[in-house]
Amino acid sequence: MHHGKVEREVKPTWRPKGQCLQHLQTGFTMAVDSRNSDGKSSFDSGQRDERDWPDFACGAGAAVVNIIVTFPAYKVMFRQQVEGLRFRKALRQVLKEGIANLYRGVLPPLMQKGTSLAIMFGCYHKFQRVLSKAFPNTSSVKTNAVAALLAGSLEASLTPFERVQTLMSHRGHNERFTNTFHAFRVVGKQFGLLEYYRGLTPILLRNGPSNVLFFGLRGPIKSFLPETKTSIGNAANDFVSGAVLGACLSTLAFPTNVVKSHMQKQLGGEFINVFKAFNVVFQERGRSIRRLFYGVSLNYTRALMTMPVSVAALSFAKRRLLQDSKLTNTVHIFSA
């Protein structure tokens, strides 16, 4: 009998094209499991934090900074969406209305986006933990994708803020509403609760899938970036991955936002479905797909600023909170 070591034939590793989907699924698993290529969470710097409030607080703070900086760009883009204007004409129109009207309508997005990002990140991680514990035998791809979809759908509860923001940004209502609170009061008192939720369907169609793609692709994108162990390097990677995702996802969702804006610029009257609204907009734009994307250049330019700042700010704030928490726990241990 031969007692020597049995040499096993080593076959070269080869991935046929048919396994591309499996490779993408592996990348999605890595991303939605809240870990990057280092095995560390993008928002917890390698530490598992079971607290809920840091994700909510960090999301809200990052959103406030972004809205204040980018609101003028949104105003110009909104005019392009609603009226089908080219950039220069929309810009001249906004500038002609004066500085006093430049930030008219900024309060709803401040409240809406601050709460929205808080829900997006806070509820995603909350649902992620709850679903993984409730369904331990279910793959992380499914549970985390559902968590992202649920968080995105929950964001749609903030539709009234987008509704009033649209009314305040549309020049046809400049003389009708004196401020944000007046617009909220008029809409509710004269048109009822349902009027706040005009345009809900396109918002649901936008939020859920966008969240799934965001949390699913963030990990694979970061895995292509240079590995880093410094805070500045981590922030830079978060910034770049956020910029790529923000630009791509906002461009994909742009026609949906055009339809949403068309539905929400109306005050009172018939509630039309999203398909009829799309057909109306398509006809108004001369049945041109290209004209449906008027304003998209400013939209992805704005997204290149907003999303990376949000992601980087969230990561930085979360790491600082974890460091403070670690320091506090150490002090408590030594005090005991």
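This tour visits an internal cavity and then a pair of packed helices in a predicted model.

**The cavity**

Begin in the interior, where the count comes to 1 cavity of 30 Å³ or more. Its volume is about 870 Å³. To centre the view, select K113, R206, S250, N257 and R302, which lie nearest the centre of the cavity among the 37 residues that line it.

Next, colour the helices that surround this space. At least two lining residues come from each of α2 (53-83), α4 (107-134), α6 (159-169), α8 (200-223), α9 (231-252), α10 (254-264) and α13 (296-335). Which helix gives the most to the lining? Select α2: this helix supplies 8 residues.

Colouring the lining by residue class then shows 17 polar, 14 nonpolar and 6 charged residues.

**From the cavity to a helix pair**

Keep α6 selected, as this helix supplies at least two residues of the cavity lining, and add α7 (residues 180-191), against which α6 packs. The axes of the two helices are 10 Å apart and meet at an angle of about 110°. Because angles of 65 to 115 degrees count as roughly perpendicular, α6 is described as roughly perpendicular to α7. The crossing of α6 past α7 is right-handed.

Finally, show the side chains at this contact. On α6, select P160, F161, V164, L167 and M168; on α7, select T180, A183, F184 and V187. By class, the contact comprises 8 nonpolar residues and 1 polar residue, with no charged residues.

Methods: Residues are numbered from 1 along each chain as its sequence is written. This is a predicted model: local features need pLDDT of at least 70, side-chain atom pairs count only at pLDDT 80 or more; totals for chains, interfaces and linings use all residues. Side-chain values use heavy atoms; hydrogens and water are left out. On a 1 Å grid over the protein atoms alone, a cavity is a set of points where a 1.4 Å probe fits but cannot get out, and a pocket is an open set with protein on both sides within 12 Å along at least five of seven lines; lining residues have an atom within 4 Å of a point. Grid points are joined across faces, edges and corners, and a volume is the space filled by probe spheres set on the points. Helices (H or I, at least four residues) and strands (E, at least two) are DSSP runs, numbered from the N terminus. Ala, Val, Leu, Ile, Met, Phe, Trp, Tyr, Cys and Pro count as nonpolar, Asp, Glu, Lys and Arg as charged, and the others, Gly among them, as polar. Axes are lines fitted to C-alpha atoms, for helices over the stretch in contact, and angles run from 0 to 180 degrees between N-to-C directions. Angles under 35 degrees count as roughly parallel, over 145 as roughly antiparallel, 65 to 115 as roughly perpendicular and the rest as oblique. A crossing is left-handed if the near helix is turned anticlockwise from the far one by less than a right angle, and right-handed if clockwise. Contact means heavy atoms within 4.5 Å.
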